Amino acid sequence: MPQPLKKIARRSLLKFGTLEAVTGVGSFFLGAGVARAAEAMPPASSLNEILYRLAVPEIFQALPTAPSHSQALVIGTGFGAAVSALRLGQAGVQVTMLERGSRWPRDLWRQIFSSESLIDGRSVWFRTSFPGFDGIVRPVDSFGGVLDVTEYEHIKVWRGAAVGGGSVVFTGAMVQPERRFFDHVFQGVVSYEEMDRVYYPLARRMLGVSPMPTDVYQSAPFGHSRVWDAHASQAGYTPQRIDSIFQWDIVRRELAGTARPSAILGESTFGNANGAKYDLGQNYLPQAEATGKVTIHSGHQVTAIGREADGRYWVQVNVVAPNGTVLRQRTLTADSLFLGAGSIGTSELLVAARDTGALPNLDETIGTGWGTNGDAAVARVFSGLEGFNQGSPCASRILDESRMPVTMENWYVPNLPVNPGLIGTLGMALDSHRASFRYDSTRKKVVLEWPSQGNDDVVSALRTVNNRIADASGTQVGVPGLIPDVNATFTAHPLGGVVLGRSTDAYGRVKGYDHLYVVDGAAVPGSTGTVNPSLTITALAERSIAEIIRAGGI
């Protein structure tokens, strides 16, 4: 059992002395909210789950019932979904948002999420093992954690499973692509001039992005950032400071000891409980709820979608407890359906709906144009250390176009409690490899046909850059026999499957159906031009929903 949970258990047992007290059933100290939750949720099925109930009672509270029919139904609560819900609510539209994961609270001092170094069930979505960025597999108890690792035959896809979607689990980098790369990807379907003038600035304002301040950059937890920049400079590159979603005042509080250390300890992949990462639960989503028109329903996992003869859309939902128990099954309806479940969730729902006949008018382009954004984890070992820990916010990036356009971002090394002398990097390449989703009627599931060599060009291009930096700085690439120099067996940035201008019009209206929209990363054609996708997804969603509302008919 991870040490933080053992401490919680010891404190509770010393105070109350019985297992019944630890479960919180009928005990006053957990408060009325959890007592109500005990009536709605199944009993704890493991000691770890008992401890999760103590550590985060909020996620075990009774789940509010979603209305049977909604004017607009939004599947997902990530960047595109949150944008759409807010703007629809502001336009007076009644909106129901469905999210499979839990709604995790924030607290300056509580350990709400799993730690990075001693992971537990709060970390990943219903898995018994976690394959880290470093390729090392770690055991974990099965629970509804915040990060979903979806495995296909040749690729693992990392995505959010919580209210706030990917904003809870991403590293916070918010980078606008260069025009030439954007135009290469979108091929004129979307105007870069309009995005640059209107929607990128709007997204940046809403998300409160800014570069790492000098005082934070010079602090001990970001010694690895300074080393990374020095090595890149030695190789002839000019590191560029990048924007981030992190709130630097809270990071400063961590440094000063007036908030629980989180970002400065390298926590990010499994969430930042103290609010250091300005996720969607602190901007778009509460503003959407404040309209009085939007309700968010966690624990609602959508399993299928279709359309009734009267034109209403139907959505099949499993209402799921954090331990995976299906509490009930429902069918909800809506006049308009907005798909914001991410590239994987949205693509799988639409491909299944087409090929099972639930939405038979969807065309053959649905499920195509999927890519990894050219993602790969890149590692080096260096001889000197600066700082005991590695902070998680990203400080800078470099661009190399010697083979194909690739960027490398200064990154921390996840899942380690101390600075081990490793330099971590997130690489992103402007690659051209694309794959398709297919419905497997035998297994009754959607599969992704990503070939084993799909990332070979990306690996080769990033290895060239990493070797150049290693040679110039006198460092070692990877950790022989333990950590590869370039790991492209995963992507944290799945994109495509329902591409703008191909499966939809230029604003996410799905071809073949009215009142059916795609507002997330599925609409992006496999890449955002060597940058992290979140800012572009947000800006595209702002652009699309503005036109959809302007045109009326929701």
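1. Let's start with some vocabulary. Helices and strands here are DSSP runs, counted from the N terminus, where a helix needs at least four residues and a strand at least two. With that in hand, take Gly529: it sits in the loop between β26 (516-518) and α15 (534-551). We'll come back to Gly529 below. Keep in mind while you look around that this is a predicted model.

2. Now zoom out to the whole chain. You'll find 15 helices and 26 strands in it. The radius of gyration is 23 Å, close to the 24 Å that the globule rule gives for 554 residues, so the chain is as compact as a globular protein of that length. If you lay the C-alpha trace along its principal axes, it spans about 65 × 65 × 45 Å.

3. How does the chain connect to itself? Take the contacts between residues at least 6 apart in sequence: 72% of them join residues at least 24 apart. As for what is hidden, 62% of the 554 residues count as buried. The accessible surface of the chain comes to about 19700 Å², and carbon and sulfur atoms account for 51% of that.

4. A quick word on charge. The chain has 49 positive and 50 negative charges, and the mean positions of these two groups are 4 Å apart.

5. Which residues touch the most other members of the largest nonpolar core? They are Ile305, Leu350 and Leu516, in a core of 124 residues. Helix α8 (residues 192-207) gives the largest share of this core, with eight residues. There is also a second, separate core of 22 residues, and Ala235, Tyr237, Met404 and Ala461 are among them. As background, nonpolar side chains tend to be buried together in soluble globular proteins.

6. Let's stay with Leu350 for a moment. Ignoring neighbours within four places in sequence, Leu350 is in contact with Ile305, Leu339, Leu359, Leu362, Ile366, Val498, Leu516 and Val518. Try clicking through that list in the viewer; Ile305 and Leu516 are on it, and you just met both of them in the core.

7. Back to Gly529, as promised. Is Gly529 buried or exposed? Its relative accessibility is 0%, and the cut-off for buried is under 20%, so Gly529 counts as buried. Its contacts beyond four places in sequence are Pro177, Phe181, Val185, Asn373 and Leu430. The C-alpha atoms of Gly529 and Met428 are 8.4 Å apart, although 101 residues separate the two along the chain.

8. Next, His433, in the loop between β19 (422-429) and β20 (436-440). Its relative accessibility is 27%, which falls between the 20% and 50% cut-offs, so His433 is partly exposed. Leaving out residues up to four places away in sequence, His433 touches Trp370, Gly371, Trp450, Pro451 and Gly454. For one of these, Gly371, the C-alpha to C-alpha distance from His433 is 6.7 Å, with the two positions 62 residues apart in sequence numbering.

9. Two residues deserve a check on their backbone angles. Most residues other than glycine have a negative phi. Lys444, however, has a phi near 55 degrees, a positive value. Lys444 lies in the loop between β20 and β21 (445-449) and is exposed, with a relative accessible area of 62%. The other is His515, where phi is positive too, near 60 degrees. His515 belongs to the loop between β25 (495-497) and β26, and at 23% relative accessibility it counts as partly exposed.

10. Finally, two residues in strands. Met97 is found in β2 (residues 95-98) and is buried, with a relative accessible area of 0%. Not counting residues up to four places away in sequence, Met97 touches Val74, Gly76, Thr77, Ala81, Ala82, Ala85, Leu285, Val294, Thr295, Ile296 and His297. Its C-alpha is 11 Å from that of Ala341, which is 244 residues away along the chain. Ala304 lies in strand β12 (residues 300-307) and, beyond four places in sequence, is in contact with Trp314, Val315, Gln316 and Leu349. Ala304 and Phe186 are 118 residues apart in sequence, and their C-alpha atoms are 30 Å apart in space.

How values were computed: Residues are numbered from 1 along each chain as its sequence is written. This is a predicted model: local features need pLDDT of at least 70, side-chain atom pairs count only at pLDDT 80 or more; totals for chains, interfaces and linings use all residues. Side-chain values use heavy atoms; hydrogens and water are left out. The radius of gyration is taken over C-alpha atoms; the globule rule is 2.2 Å times the number of residues to the power 0.38. Buried means under 20% relative accessible area, exposed over 50%, partly exposed in between (1.4 Å probe, protein chains only). Contact means heavy atoms within 4.5 Å. Accessible areas come from the Shrake-Rupley method with a 1.4 Å probe; for residues, only the protein chains shown count as cover. Lys and Arg count as positive and Asp and Glu as negative; His and the chain ends are not counted. The place of a charge is taken as NZ of Lys, CZ of Arg, CG of Asp or CD of Glu. A nonpolar core is a set of buried Ala, Val, Leu, Ile, Met, Phe, Trp, Tyr and Cys residues joined through side-chain atoms within 4.5 Å.
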